[in-house]
Amino acid sequence: MNYTALIVVASSLAWLLAAVTLDPRANYAGRTPAPPAAVVDAALSEVNLNDRDPLLDRYLTWASGLVRGDFGRTWDGLSVGADLAERAGVTLRLVTAGLVAGALIGLTVGTLAAVHHRRWFDRLSGGVVFLLLAVPAVVLANVLILGAIWVNDTTGTRFLMVSGETTTGGLLDRLGHLVLPALTLALPLAAVVSRYQRNTMLDVLNADHVRTARAKGLPRRTVIVKHALRTALIPTSAYLTFTFGALLVGSTVTETVFGRHGLGQRLIAAIRTGDVNTVAAITTVAAVALLLSAVAADVLQRVLNPGRAR
């Protein structure tokens, strides 16, 4: 019930802020010949975007449609729901690939850094982490693009594609379009996860149950994997599941740079065109994704720690 209320508040605030600040009327400015004001008003009223209509009436119209699963229409009359349904798959594939890659890299590096605490691997990984966190996403994306161009030219292949997204090609073609944007999401995520996992593992390695396992003479690998790693994954898994929901909209820069027609790119376009209903719809989708992530985090922690109090 609390989560439902948060979704309602988040989506309502998004719609109200967009309705107050965005100007869909600007889409008709500069046309030759200029359309009459009455025509513009009628067109905007038809899609519930006329800023001269009472704000409360427009909000109630939008909210009543949302309850029925109708996100409204764009400023040019298209269905917001249909548009986002086509784009959701693009973003979902990108975010899933980026999250899986980032999680695997981050967990591996963080665990090894903790096991080899204050040795060369720990220091090297720490330096790489801070470097990745200092580089903006748009810069990282362009560095990867330059690297992909060099790889393609050197090998004489066209596997690593620097823009667009295909749904009609074969598996290798799809992977070629996905690798670079997925890495753009995965590398900063891996940097954060590795530090988080490292600190958690260091705490667990000094815990009583781990020292007891060592005292029993269990192999070092068994102690690390079965006793330390499983415990350290509990808080890290919660962070990763919440990150999935946040990345759905956080992939905006990545989708824009690589020309992927997903939810993030659509959000930028909607802000530019004053598309209030689309901005509110994407915010609602993000809020629902965070809700599902919260539920998934709780389920995953119960699986990893069955003895947790219910």
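Before I turn to the helices, let me fix one term: an angle between two axes counts as roughly parallel under 35 degrees, as roughly antiparallel over 145, as roughly perpendicular from 65 to 115, and as oblique for the rest. I should also say at the outset that what we are looking at is a predicted model.

With that in hand, take helix α1, residues 2-21, and helix α3, residues 55-67, whose axes come within 11 Å and cross at roughly 140°. That angle falls in none of the named ranges, and α1 and α3 are therefore oblique to each other. In this crossing α1 passes α3 in a right-handed sense. The contact is built on the α1 side by Ser 11, Ser 12, Trp 15, Leu 16, Ala 19 and Val 20, and on the α3 side by Leu 55, Arg 58, Tyr 59, Trp 62 and Leu 66. Sorted by class, the residues of the contact between α1 and α3 are eight nonpolar, two polar and one charged.

Let me step back to the chain as a whole, which holds 12 helices and zero strands. Its C-alpha trace spans about 85 × 55 × 35 Å along the principal axes.

The next helix I would like to follow is α4, residues 80-115, and I will begin with its packing against helix α5, residues 120-134. The axes of α4 and α5 come within 8 Å and cross at roughly 140°, and the two helices are therefore oblique to each other. The crossing of α4 and α5 is left-handed. Here the contact is made by Val 109, Leu 112 and Ala 113 from α4, together with Phe 121, Asp 122 and Ser 125 from α5. By class, the residues of that contact divide into four nonpolar, one polar and one charged.

The packing of α4 against helix α7, residues 171-205, has an angle of about 35°, with the axes 5 Å apart. As for the hand, α4 passes α7 in a right-handed crossing. The residues in the contact of α4 with α7 comprise 22 nonpolar, seven polar and three charged.

Finally, α4 brings us to the largest pocket, since it is among the helices that supply at least two residues each to the lining, alongside α9, residues 220-250, and α12, residues 276-304. About 320 Å³ of space lies in this pocket. Of the 18 residues that line the largest pocket, those closest to its centre are Leu 99, Leu 240, Thr 241, Phe 244 and Ala 296. Which helix, then, gives the largest share of the lining? That share, eight residues, comes from α12. As to the class of the lining residues, 14 are nonpolar and four are polar, and no charged residues are found there.

To close with the two pairs that share an angle term, α1 with α3 is oblique, and α4 with α5 is oblique, while the hand is right-handed for α1 and α3 and left-handed for α4 and α5.

Note on methods:
Residues numbered from 1 in each chain as written. Predicted model: local features only at pLDDT ≥ 70, side-chain atom pairs only at ≥ 80, totals over all residues. Heavy atoms only, no water. 1 Å grid on protein atoms, 1.4 Å probe; cavity = no way out; pocket = protein on both sides within 12 Å on 5 of 7 lines; lining within 4 Å. Points joined across faces, edges and corners; volume = space filled by probe spheres on them. Helix = DSSP H or I, 4+ residues; strand = E, 2+ residues; numbered from the N terminus. Nonpolar A, V, L, I, M, F, W, Y, C, P; charged D, E, K, R; others polar. Axes fitted to C-alpha atoms, helices over the stretch in contact; angles between N-to-C directions. Left-handed = near helix turned anticlockwise from the far one by under 90°. Contact = heavy atoms within 4.5 Å.
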